[in-house]
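Hi,

Here is the structure I promised to pass on. Have a look at it first, and my notes on what turned up follow below.

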Amino acid sequence: MPPENRKLLIIDDDTIVRQSVVAYLEDSGFEMLEADHGIQGLALFQEHAPEVVLTDLRMPSMDGLQVLEKIHQASPETPVIVMSGVGVMGDVVKALRLGASDFLIKPLVDMEVLVHAVSKSLERRDLLAQNQRYREELEAANSELKDHLRTLEKDQQAGRRVQQQLLPPTPVKRGGYCLEHKVIPSLFLSGDFIDLGYFQDRYLCFYLTDVSGHGSSSAFATIWVKHASGEIARNWQLFDGSRSVSEDLNIALSEVNRLLLETRLGHHMTCLVGVLDIQLHRLHYVVAGHLPLMAMLTPEGNRFLEGKGRPLGLFSQQEWPQYEVDFPPQSTLLAFSDGILEVMPPQDLLEKEDHLLHMLTDAGGGLTNVIRALKLDAIDDAPDDIAVLSLVRGD
């Protein structure tokens with residue numbers, strides 16, 4: 001916040017000193033309030049709530065230490081700078097113990113020292129306020145997470161409804177692109193999960209993750225991933241233009257990997273992460289131990305995109321190769337969890353992938369066509385969770 005938006009209060013019975021300080025700080029861009037004794041100063045403080053208070057130490061009727069104590073009791077987060085022409089060490093110690101943010105000796109030969117003290121006090125105040133907001137957001141997120149977990153523990157079917165509600169909306173349309181998804185669990189609860197975000201009116205981000213195992217514990221991990229990824233995006237301000245897309249992708253994966261190891265959920269996960277620049281029609285993506293690879297269907301031909309990288313939650317200090325590919329008009333990107341390979345007829349993995357790509361070629365673009373071609377709606381008892389994500393560029 002610029003200085004002209006910051007309100008300061010000075011309390012000093014020495015008119016000459018007070019007016020010189022007010023004049024200098026106003027020239028520096030601050031809005032000033034002034035009082036010539038402590039009682040008047042406290043009244044101004046209650047009425048205007050200044051962001052920093054400067055008070056003289058020796059004043060009639062109420063000295064600076066009493067002012068400091070009352071302000072600190074009423075508003076502990078407000079910085080109070082004590083000024084004194086005596087400079088007795090005992091006064092300094094008392095002021096600091098009562099919560100003073102700084103102690104300055106008068107006369108103030110260099111007024112820039114005062115400006116510096118005010119600026120530092122404001123920085124500390126802002127940092128404390130920011131940390132408090134982060135704590136409140138984290139507490140709210142943790143409370144929400146605990147609520148979801150209790151619901152899952154209470155009832156598997158209710159848990160399935162909760163997990164479905166945590167999935168993003170489908171379809172989502174941005175800048176000529178349409179993203180759709182579907183998750184078919186092998187049990188009530190799924191270890192597969194899909195989420196997306198949209199940043200700066202430019203970057204459409206998504207991930208498809210496959211948590212090891214099945215059932216409740218894997219579903220818990222998917223909920224944790226959703227909340228963790230949201231916190232990481234907010235705390236690191238991902239995809240805001242301050243870093244490259246590749247740097248932001250590596251930050252996101254590194255943080256999820258670190259937190260997954262630290263929380264000891266007992267699961268690792270494979271993951272596909274994509275960031276689509278809808279202005280440049282360029283897809284940035286990372287593969288974290290995931291099969292099958294994403295398939296790109298274009299008018300010029302169909303193929304699996306290249307990619308490799310280790311899963312999340314197994315190894316610390318990891319880095320993941322970054323990949324980029326153009327997204328041509330009338331093209332479709334398809335991503336699957338490995339459960340799709342379980343319903344492919346061939347026995348060999350490479351043959352399963354060939355068969356899948358062949359069926360996708362016949363299906364054409366769009367989630368509805370893919371589900372129909374792979375007959376996923378006809379599966380009554382899936383051997384493994386199946387997640388499907390479709391991203392289509394229409395123009």
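**What I found**

Let's start in a loop: Pro-107 sits in the one between strand S5 (102-105) and H5. The peptide bond that leads into Pro-107 from Lys-106 is cis, with omega near 5°. Bear in mind as you read that this is a predicted model.

There is a cis bond between Thr-170 and Pro-171 as well, with omega about 0°. Pro-171 belongs to the loop between helix H6 (156-166) and S6. One more backbone detail while we're on loops: Asp-201 is a residue other than glycine, yet its phi is positive, near 55°. You'll find Asp-201 in the loop between S8 and S9.

**The overall picture**

Stepping back, the chain has 11 helices and 16 strands. Its radius of gyration is 30 Å, well over the 21 Å that the globule rule gives for 395 residues, so the chain is more spread out than a compact globule. If you box up the C-alpha atoms along the principal axes, you get roughly 95 × 45 × 35 Å.

**The six-stranded sheet**

One open sheet is built from six strands, in the order S6-S7-S16-S15-S12-S13, with antiparallel pairing. At its edges are strand S6 (172-174) and strand S13 (301-304), each of which pairs on one side only. From one strand to the next, the twist averages 15°.

Two helices pack on this sheet. Helix H10 (residues 349-363) touches strand S12 (295-298), S13 and strand S15 (331-336), and its direction makes about 145° with that of S13. Helix H11 (residues 367-374) touches S7, S15 and S16, and the angle between its direction and that of S7 is about 35°.

As for the pairings themselves, strand S7 (residues 177-184) and strand S16 (residues 386-393) run antiparallel and are joined by eight bridges. If you want a spot to zoom in on, Cys-178 stands opposite Val-392 in S16. At the other end of the strand order, S12 and S13 are also antiparallel, with four bridges between them. Met-296 has Arg-303 in S13 as its bridge partner, and the hairpin that joins S12 to S13 passes through two residues.

In case strand pairing is a bit rusty: strands of a sheet pair through backbone hydrogen bonds, either parallel or antiparallel.

**The five-stranded sheet**

A second open sheet has five strands in the order S8-S9-S10-S11-S14, and here too the pairing is antiparallel. S8 and strand S14 (323-326) are the edge strands, each pairing on one side only. The twist in this sheet averages 20° from one strand to the next.

Within it, S10 and strand S11 (residues 282-288) pair antiparallel over seven bridges. One of the residue pairs to look for is Gly-274 with its bridge partner in S11, Tyr-285.

**The pockets**

How much space lies in the largest pocket? About 400 Å³. It is lined by 25 residues, and the ones closest to its centre are Tyr-207, Ser-229, Phe-239, Ala-252 and Val-273. Strand S8 (192-199), strand S9 (203-211), helix H7 (215-236), helix H8 (245-263) and strand S10 (269-277) each give the lining at least two residues. By class, that lining comes to 19 nonpolar, five polar and one charged residues.

The second largest pocket has a volume of about 260 Å³. Of its 16 lining residues, Leu-138, His-227, Ala-228, Glu-231 and Leu-259 are the closest to the centre. Helix H5 (111-154), H7 and H8 are the elements that give two or more residues to this lining.

Which element supplies the largest share of the lining of the second largest pocket? That would be H7, with seven residues. The lining of this second pocket divides into eight nonpolar, four polar and four charged residues.

So when you open the model, you might begin with H7, which contributes to the lining of the largest pocket and also to that of the second largest.

Cheers

Methods. Residues numbered from 1 in each chain as written. Predicted model: local features only at pLDDT ≥ 70, side-chain atom pairs only at ≥ 80, totals over all residues. Heavy atoms only, no water. Pairing = 2+ DSSP bridges. Axes fitted to C-alpha atoms, helices over the stretch in contact; angles between N-to-C directions. Contact = heavy atoms within 4.5 Å. 1 Å grid on protein atoms, 1.4 Å probe; cavity = no way out; pocket = protein on both sides within 12 Å on 5 of 7 lines; lining within 4 Å. Points joined across faces, edges and corners; volume = space filled by probe spheres on them. Nonpolar A, V, L, I, M, F, W, Y, C, P; charged D, E, K, R; others polar. Rg over C-alpha atoms; globule rule 2.2 N^0.38 Å.
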